[in-house]
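Open your viewer, switch on side chains as sticks, and keep the selection box handy. We will go from one stop to the next, and at each one you will find out what to select and what is there.

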Amino acid sequence: MSSTLKKVAAGFATAALLVGGVAACSSERGGTTDPTTSAPEETTSAPDETEEPATGADITSVGIAMPTKELERWNRDGAHLESLLKDAGLETSLQYAENKVDMQITQLQNMINDGVDVLVVASIDGTALGPVLQTAADNDVIVIAYDRLINGTENVDYYATFDNYRVGTFQGEYIVEQLDLDNAEGPFNLEPFAGSPDDNNAKFFFAGAWDVLKPYIDEGKLVTPSGKAPASNDDWASIGIQGWKSETAQSEMQNRLNSFYAGGEKVDVVLSPNDSLALGIAQALDAAGYTPGEDWPILTGQDADQANVLNILAGKQSMSVWKDTRQLGDRVATMISQLAAGEEVEVNDTETYDNGVKVVPSYLLDPTVVVADTVEEILVGSEFYSAEDLGL
Ligand code: GAL
């Protein structure tokens, strides 16, 4: 428990006892090892009875720090969470940092100076916030890591995210199924990509997919003509795309096509960890003359961004792993209300997310695979998009 919660909990320990604060931590899904280095074993473990209930002081003001407006999903995240907290009568400060780490640190410092009680942080670089979060702790500010784990500091109290490893396994499983790798001869040409090296999520996305695909690579059913197939999960950053930039992914894909596919060889499948990269990769495939429905490769993604869903409907992307960001905002708002009420904050994973200093109590939500046939049912049916948004 961070020093902030210790101070606050001490102040509310009596209250917590009065409300019978009982550790409500449940770790139904806690993996016993870091899944980025090996597939997690299924275990359950009794909640740590020694953990004092985490309680909050009088919470009236929340700072929300989002990485950038450039990528569609973060705009949704920020707007939804802000509206939830405002509806709950809280003051909010929603800031976007243009994917600039120093800007985000300054924004966090300003929020602390302005007296926020809670910081909700979707970090740009999860390793860069130690000093400013020490200032947060010194000012009794409770810190919730949003979507991306913050590393290297004890001053992160909770983490709310989707199951990042599952995102990757969905992508890997989709490829195995579509290529029928258990029965087909192969070999199939695979070009893998990974996310931004400063984003803690990226290693989980990659590990989830690579744990599924590696056996087929080892038996030669999947080959990588560019040679850019990491030897292990630990080497994922070697194919990372800084800042998740579409244009960087596009030029990387163009380079691979020009250098390794000029002799008529075709790409059969591209592992893209998210939609912003998939968008750039699709543009490179377009430019190289690939045709949807003919020789367009399997192309994975994540986030169900609008442009990518339109590409899925047009046959230029095969799938996206959808994370209903409304649920993530709802979960964080619930955490804040539980803190404000002096209740135990509900989590469902107390083992996976070790940030190098502590295992951060986490709540993992379930992602969902979306393909062309299920876009309407899942994305329009849930009102994430309107039919008009998608030309349906
Ligand atoms: C990740 C996030 C993904 C992905 C990427 C780019 O941390 O979990 O949804 O889109 O950032 O924003």
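The tour starts at the ligand, moves on to salt bridges and ends on the surface.

Before you click, keep in mind that this is a predicted model.

**Stop 1: the ligand.** Select the ligand and display the 13 residues around it. Which of them come nearest? Asp147, Arg148, Asp199, Asp303 and Lys323 do. Now pick out some polar side-chain atoms that face oxygen atoms of the ligand. For aspartate 303 the distance is 2.2 Å, for aspartate 199 it is 2.5 Å, and for tryptophan 74 it is 2.9 Å. If you show the surface here, note that the protein covers 99% of the 300 Å² of accessible area that the ligand has on its own.

**Stop 2: a salt bridge beside the ligand.** Keep Asp147 and Lys323, both among the residues that come nearest to the ligand. Lysine 323 and aspartate 147 form a salt bridge, with 3.8 Å between the closest N and O atoms. The two partners are 176 residues apart: lysine 323 sits in the loop between strand S10 (320-322) and helix H10 (325-340), while aspartate 147 sits in the loop between strand S4 (142-146) and strand S5 (158-162). Are these side chains buried or exposed? Lysine 323 counts as buried at 3% relative accessibility, and aspartate 147 is buried at 1%.

**Stop 3: helix H10 and the loop after it.** Select arginine 331 and glutamate 346, whose side chains meet in a salt bridge at 3.5 Å, N to O. Arginine 331 is in helix H10 and glutamate 346 is in the loop between H10 and strand S11 (362-365), so the pair ties together parts 15 residues apart in sequence. Arginine 331 is buried, with a relative accessible area of 13%, whereas glutamate 346 is partly exposed at 30%. Now add Arg73 and Asp77 to the pair from the previous stop: salt bridges that share partners join Arg73, Asp77, Asp147 and Lys323 into one network.

**Stop 4: another pair.** Select arginine 166 and glutamate 173, which form a salt bridge of 3.7 Å, N to O. Arginine 166 is partly exposed at 28% relative accessibility, and so is glutamate 173 at 37%. How many salt bridges does a search of the whole structure find? The total is 17.

**Stop 5: a nonpolar patch.** Finish on the surface with Leu310, Leu313 and Leu392, which together have about 230 Å² of accessible area. Leucine 313 belongs to helix H9 (residues 306-313) and is partly exposed, at 34% relative accessible area.

Note on methods
Residues are numbered from 1 along each chain as its sequence is written. This is a predicted model: local features need pLDDT of at least 70, side-chain atom pairs count only at pLDDT 80 or more; totals for chains, interfaces and linings use all residues. Side-chain values use heavy atoms; hydrogens and water are left out. Patches are made of residues with over 30% relative accessible area and no salt bridge: like charges are joined within 9 Å, nonpolar side chains (Val, Leu, Ile, Met, Phe, Trp, Tyr) within 5 Å. Accessible areas come from the Shrake-Rupley method with a 1.4 Å probe; for residues, only the protein chains shown count as cover. A salt bridge is a side-chain nitrogen of Lys or Arg within 4 Å of a carboxyl oxygen of Asp or Glu. Helices (H or I, at least four residues) and strands (E, at least two) are DSSP runs, numbered from the N terminus. Buried means under 20% relative accessible area, exposed over 50%, partly exposed in between (1.4 Å probe, protein chains only). A residue is near a molecule or strand if one of its heavy atoms lies within 4 Å of it. A polar contact is a pair of N or O atoms within 3.5 Å; within protein, one must be able to donate a hydrogen and the other to accept it, and residues adjacent in sequence count only if both atoms are side-chain atoms.
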